[in-house]
Amino acid sequence: MSASGLSFAFAIAAGVLDVAANLASTKSNGFARRGWGALSIVLVLAAFALLAEAITDMDLAVAYALLGATGIFGTAICGRLFFGQRLKPVGWLGLSLIFGAVLVLHTA
């Protein structure tokens, strides 16, 4: 895998960890369940460690956009699957716009 491909993978993996952190934070019930809260903090730290690896061969703006978009999409989908949360159609439109913006930014 090329250096830029590896950086892309690190940024996406950071986004996946961000999703896991968001799910753990939700399970923590406002950090009342300390184990889930602690897990969410550890996952966020791990996500940013991967982001730090991603920016060794990728612009910070692109890497952070990939992390953010992955986190937003993943959290929306997992929130629906695990917690029954729903987005209105305009929310899905917003997600589509974010996806398109990240694609454009990545190719710039």
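How many aromatic pairs does the chain hold? The count comes to two aromatic pairs, and the legends below place both of them in the predicted model before turning to a buried acidic residue.

**View 1. The whole chain, a predicted model built from four helices and zero strands.** From the N terminus on, the elements follow one another as α-α-α-α, and the C-alpha trace spans about 40 × 35 × 20 Å along its principal axes. Of the 108 residues in the chain, 29% are buried, while the chain exposes about 6,600 Å², with carbon and sulfur atoms supplying 70% of that area. Among the contacts with a separation of 6 or more, 64% are between residues 24 or more positions apart. The chain carries 6 positive and 4 negative side chains, and the centres of these two sets lie 30 Å apart.

**View 2. The aromatic pair of Phe48 and Tyr64.** The two rings are 6.5 Å apart from centre to centre, with 35° between their planes, and the pair is tilted. Phe48 belongs to helix H2 (residues 34-54) and Tyr64 to helix H3 (residues 60-83), so this pair ties together parts that are 16 residues apart in sequence. Phe48 is partly exposed, with a relative accessible area of 41%, and Tyr64 likewise counts as partly exposed, at 45% relative accessibility.

**View 3. The aromatic pair of Phe73 and Phe99.** Here the ring centres lie 5.9 Å apart and the planes stand at 85°, which is over the 60 degrees required, so the pair of Phe73 and Phe99 is edge-to-face. The pair links distant parts of the chain, since Phe73 is in helix H3 and Phe99 is in helix H4 (residues 89-107), 26 residues apart. Phe99 counts as partly exposed, at 47% relative accessibility.

**View 4. Asp18, a buried residue in helix H1.** Helix H1 covers residues 3-27, and Asp18 is found within this helix. Is Asp18, a negative side chain, buried or exposed? Asp18 is buried and yet has no salt bridge, the nearest side chain of opposite charge being that of Lys27, which is 18 Å away. When residues up to four places away in sequence are not counted, Asp18 touches Ala47, Leu67 and Gly71. Of these contacts, Ala47 falls within the range of helix H2 (residues 34-54), whereas Leu67 and Gly71 fall within that of helix H3 (residues 60-83).

Technical notes:
Residues are numbered from 1 along each chain as its sequence is written. This is a predicted model: local features need pLDDT of at least 70, side-chain atom pairs count only at pLDDT 80 or more; totals for chains, interfaces and linings use all residues. Side-chain values use heavy atoms; hydrogens and water are left out. Helices (H or I, at least four residues) and strands (E, at least two) are DSSP runs, numbered from the N terminus. Buried means under 20% relative accessible area, exposed over 50%, partly exposed in between (1.4 Å probe, protein chains only). Contact means heavy atoms within 4.5 Å. Accessible areas come from the Shrake-Rupley method with a 1.4 Å probe; for residues, only the protein chains shown count as cover. Lys and Arg count as positive and Asp and Glu as negative; His and the chain ends are not counted. The place of a charge is taken as NZ of Lys, CZ of Arg, CG of Asp or CD of Glu. Rings of Phe, Tyr and Trp (its six-membered ring) pair if their centres lie within 6.5 Å; planes under 30 degrees apart count as stacked, over 60 as edge-to-face and the rest as tilted. A salt bridge is a side-chain nitrogen of Lys or Arg within 4 Å of a carboxyl oxygen of Asp or Glu.
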